[in-house]
Amino acid sequence: MEEKLTLFKNRKRFGIEKNIDIIFKNTALVLSSFVAIILLGIILVVFFQSFESFSRYGLKFLVTSEWNPVKDEYGAFTAIYGTLVTSFLSLLITIPLGVGTAIFITEDFVPKVFREIIGSFVELLAAIPSVVLGLWAIFVMEPFFRAFFVFLHNFFGWIPLFSTEPTGRNSLLAILILVVMLLPIVTAIARDSLNQVPKKLRNAAYGIGASRWKTIFSVILPAALSGIMAGVLLALGRAMGETMAVTMIIGNSNAFSWSLLSPGYTISSMLANQFGEADGSQVSSLFYAAFVLMILSLVVNIFAQWLVKKFSLKY
Amino acid sequence: MNSLYYQKRLSRNIGDKFFTSLSVICALIAILPLIFLVTYILYKGGSQITPELFTLEPNPPGDDLDAGGINPALIGTLIITTIASIIAIPVGVGGGIYLAEYSKGGAFTRFIRFGVNVLAGVPSIIAGVFIYALIVSTKILFGSMYSGLAGGMALSILMLPTVIKTTDEGLKLVPNELRYASLGVGASMYTTILKVTLPSAFRSIATGVVLGIARAAGETAPLIFTALFSYYYITGFGDLFYEMGSLAVLIYNFALEPYDAQNKLAWAASFILVLSILSVNIFSRILAAFTEKTKRV
């Protein structure tokens, strides 16, 4: 009895060790709350910096396209329109291509080795910095597509989207470089969600006599839809916030035009172009534009997360 | 009897053929330009590589034929990425430890996990704008405005979500038996984490972190008005508080110059940037595949 008690006495944890434990836990807690602090900090700082411009122009800022530092008139409609048009149109091209490629990778059209090589190659491409894509767009893509744009204008010039004479950099090139950039993201996420569809579903469909594509369209794609949608929304967020490649190729003009063949602007390219040299109320207006961009991408992101949670696979 | 054989002309078989070729065409349209892109960057950039490139300062754009080298930008990228890692890795790993090891899935944890995903989706230029407002315009860092330090901070905001996420997910994969065993022999919580769970999740965390660093190294948007750009050699510690060049910003600035010599420098910088990012990616992928095969627990 006596011996046992001393044994327990020696086994007691030191007070200092307990304190270290508590300190360790609280440090981890503080570090994890940094995320929330930074996120709130970004929102608050951008909001307060834009306050001057917000109180002066109000919501008119969103619908006028005058951007004149000399007269102190600011409206970001051209940039907002450019952001929305480039991101949505590029997605419109990317979705069928990306999902088609993902189906190609997940079906057994070619041996597994090739599919895996293609898959990891596509993933690698997501790692290429956008500024390098911009460089490539300026020196390779623009000359390559010049003749095609002239053709587009000559034959489809009656459509407002192609109504201006193509002169070098324009919005359509920005859309195309965005496609190159989004394709790896959409393909990778679509492939992952297609792979997660249980084999049982496919076999059941084959068993009752569905053909391969009947199975894909009525069983596999619907089952993977939520994952694909979330990937598409993530890509949309990326497209709206994408700065470098777009800035380098879109032409950076604040003159509003419906035509995709004329130089345009996006919010992020406006920030990249003007932020360094701006002063006075221009800075505040740029912060206002940044705030709009942030809200847009926050909404898209939160919606994507909600979608994943709400419609995640139930098999 | 006929119905037992494959019939080419049956509408469902024709439809199947059609969609199969459609998906092959999609894959070709998607992949061929990408292959062309990578080979072009490597070819065009690789042909500009000379030894002087790594040792000289870039010459200011002008009509002179010799553009110089990219030494300051190369060193600058290393320094700025290192600063970003020094900030983001401890914060991110610590935060990830809390999420995976201590939290009990309450409202706070859910909010942080949600915040990590939202922060990962914040456009990179917004991080630059934020640091500009917080640090550059207020001159809070000993009176310096644009600086390599501010650039590193902007990049760390972009790295943070990746680091937290990989730590959180890496730790969650560690089997609970290991934790029970460690706690059961009397180890305290922090000993368990530092000696048992973190080491067994080390490889997956390290892979994710390295990929995050590689991504940050190519980011340009957060740097163009925080670190700005510099043409001069980095000579000492004090240069942290002044404008600092980086490969990414060099590519951006010199791609838009009308002079051929500067454009070539941009291609050379792209080659170095892409090659190092791709090799880091491939290496960590091989490492991850290797780990998966030899996993014991």
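Visitor: Is Asn252(A) buried, exposed or partly exposed?
Guide: In this predicted model, Asn252(A) sits in the loop between α11 (244–249) and α12 (267–274) of chain A, and has a positive phi of about 50° although it is not a glycine. A residue counts as buried from 20 other C-beta atoms within 10 Å and as exposed at 12 or fewer. Because Asn252(A) has 19 such atoms within 10 Å, its class is partly exposed.

Visitor: And Asp72(A), is that residue buried or exposed?
Guide: Asp72(A) also belongs to a loop, the one between β1 (67–68) and β2 (73–74) of chain A, and its phi, near 60°, is positive in a residue other than glycine. With 11 other C-beta atoms within 10 Å, where the limit is 12 or fewer, Asp72(A) is therefore exposed.

Visitor: Which helix gives the most to the largest nonpolar core?
Guide: The largest nonpolar core has 178 residues, and those with the most contacts inside it include Ile177(A) and Ile251(B). Ile251(B) touches residues of both chains, among them Val131(A), Leu135(A) and Ala269(B). The helix that gives the most to this core, with 18 residues, is the one spanning residues 171–196 of chain A, namely α8.

Visitor: Which helix of chain A gives the most to the side that touches chain B, and with how many residues?
Guide: Between the two chains, 71 residues of chain A are in contact with 70 residues of chain B. By class, the chain A side has 46 nonpolar, 19 polar and 6 charged residues. To this side the helix spanning residues 15–49 gives the most, which is α2, with 20 residues.

Notes: Residues numbered from 1 in each chain as written. Chains lettered and ligands numbered in written order. Predicted model: local features only at pLDDT ≥ 70, side-chain atom pairs only at ≥ 80, totals over all residues. Helix = DSSP H or I, 4+ residues; strand = E, 2+ residues; numbered from the N terminus. Core = buried A, V, L, I, M, F, W, Y, C linked by C-beta atoms within 7 Å. Contact = placed C-beta atoms within 7 Å. Nonpolar A, V, L, I, M, F, W, Y, C, P; charged D, E, K, R; others polar. Lists of a residue's contacts leave out its neighbours within four places in sequence.
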